[in-house]
Amino acid sequence: LGVDVGSVGDGAVHILLGAYSAVQKENPRQFAATRPCITHCNFMSEEAIASMRELGVVADLQPIWLQLDGKTLIDQFGDERLTWFQPYRSLFDAGVIVGGGSGHMQRIGSLRSVNPYNPWLGMWITLTRHPRGADGVLHEEQLITREEALRLYTMQNAYLMFAEDDRGSLEPGKLADFIIIDRD
């Protein structure tokens, strides 16, 4: 069984990582087997990312929040405070496994729901970091590559779901859900 806790805000992420650390010290083998996850964790810090790597904590982020809420967050908190908002590049570079999702949906249609769940849109957001209504890129240093964006929604999501043995990549013996696209 996995352990997944939603945590929004760098203070909340630090508190949760402290709790995960305490549990890990009590029973390291069982802790590792639960593949502890933090969902949302939009705001982080360099220390939180290092702790996630050390503890083996994975992350479930929703790129759409960057696109939908980025401009409002810039206006409310300022650019500097958003340095660690959805820091995909820092997570990848640290070796933290992070998956991409949507959070929730309340309407039918991958682009019409409250949090659109279209994976192409999610990947585009991680490649551009361009919030709706903003003049430019939100912390360009946190951009990831196309391959990394694809891994975010395939291999790494499979890992978050404990399904990496039978899906997430095209390999012999695995389920082979794939598509061929006709454009860049």
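Trp 120, Ile 179 and Ile 181 make up a nonpolar surface patch with a combined accessible area of about 340 Å². The model is a predicted one. Two of these patch residues, Trp 120 and Ile 179, are also among the residues nearest the centre of the largest pocket. A second largest pocket holds about 260 Å³ of space.

**Surface patch**
- Ile 181, a member of the patch, sits in the segment that follows α8 (155-160).

**Largest pocket**
- The space in the largest pocket comes to about 1,000 Å³.
- Its lining consists of 26 residues, and those nearest the centre are Trp 120, Met 123, Leu 150, Thr 154 and Ile 179.
- At least two lining residues come from each of α6 (119-128) and α7 (146-153).
- The top contributor is α7, which provides 6 residues of this lining.
- By class, the lining of the largest pocket has 15 nonpolar, 8 charged and 3 polar residues.

**Second largest pocket**
- The second largest pocket has a lining of 18 residues, with Gly 100, Gly 101, Tyr 153, Asn 157 and Met 161 nearest its centre.
- Both α6 and α8 contribute at least two residues each to the lining of this pocket.
- With 3 residues, α6 accounts for the largest share of the lining of the second largest pocket.
- This lining is made up of 8 nonpolar, 8 polar and 2 charged residues.

**Helix shared by the two linings**
- α6 supplies at least two residues to the lining of the largest pocket and at least two to that of the second largest pocket.

How values were computed
Residues numbered from 1 in each chain as written. Predicted model: local features only at pLDDT ≥ 70, side-chain atom pairs only at ≥ 80, totals over all residues. Heavy atoms only, no water. Patch = residues over 30% accessible without salt bridge, like charges linked within 9 Å, V, L, I, M, F, W, Y side chains within 5 Å. Areas by Shrake-Rupley, 256 points an atom, 1.4 Å probe, with all protein chains shown as cover. Salt bridge = Lys/Arg side-chain N within 4 Å of Asp/Glu carboxyl O. Helix = DSSP H or I, 4+ residues; strand = E, 2+ residues; numbered from the N terminus. 1 Å grid on protein atoms, 1.4 Å probe; cavity = no way out; pocket = protein on both sides within 12 Å on 5 of 7 lines; lining within 4 Å. Points joined across faces, edges and corners; volume = space filled by probe spheres on them. Nonpolar A, V, L, I, M, F, W, Y, C, P; charged D, E, K, R; others polar.
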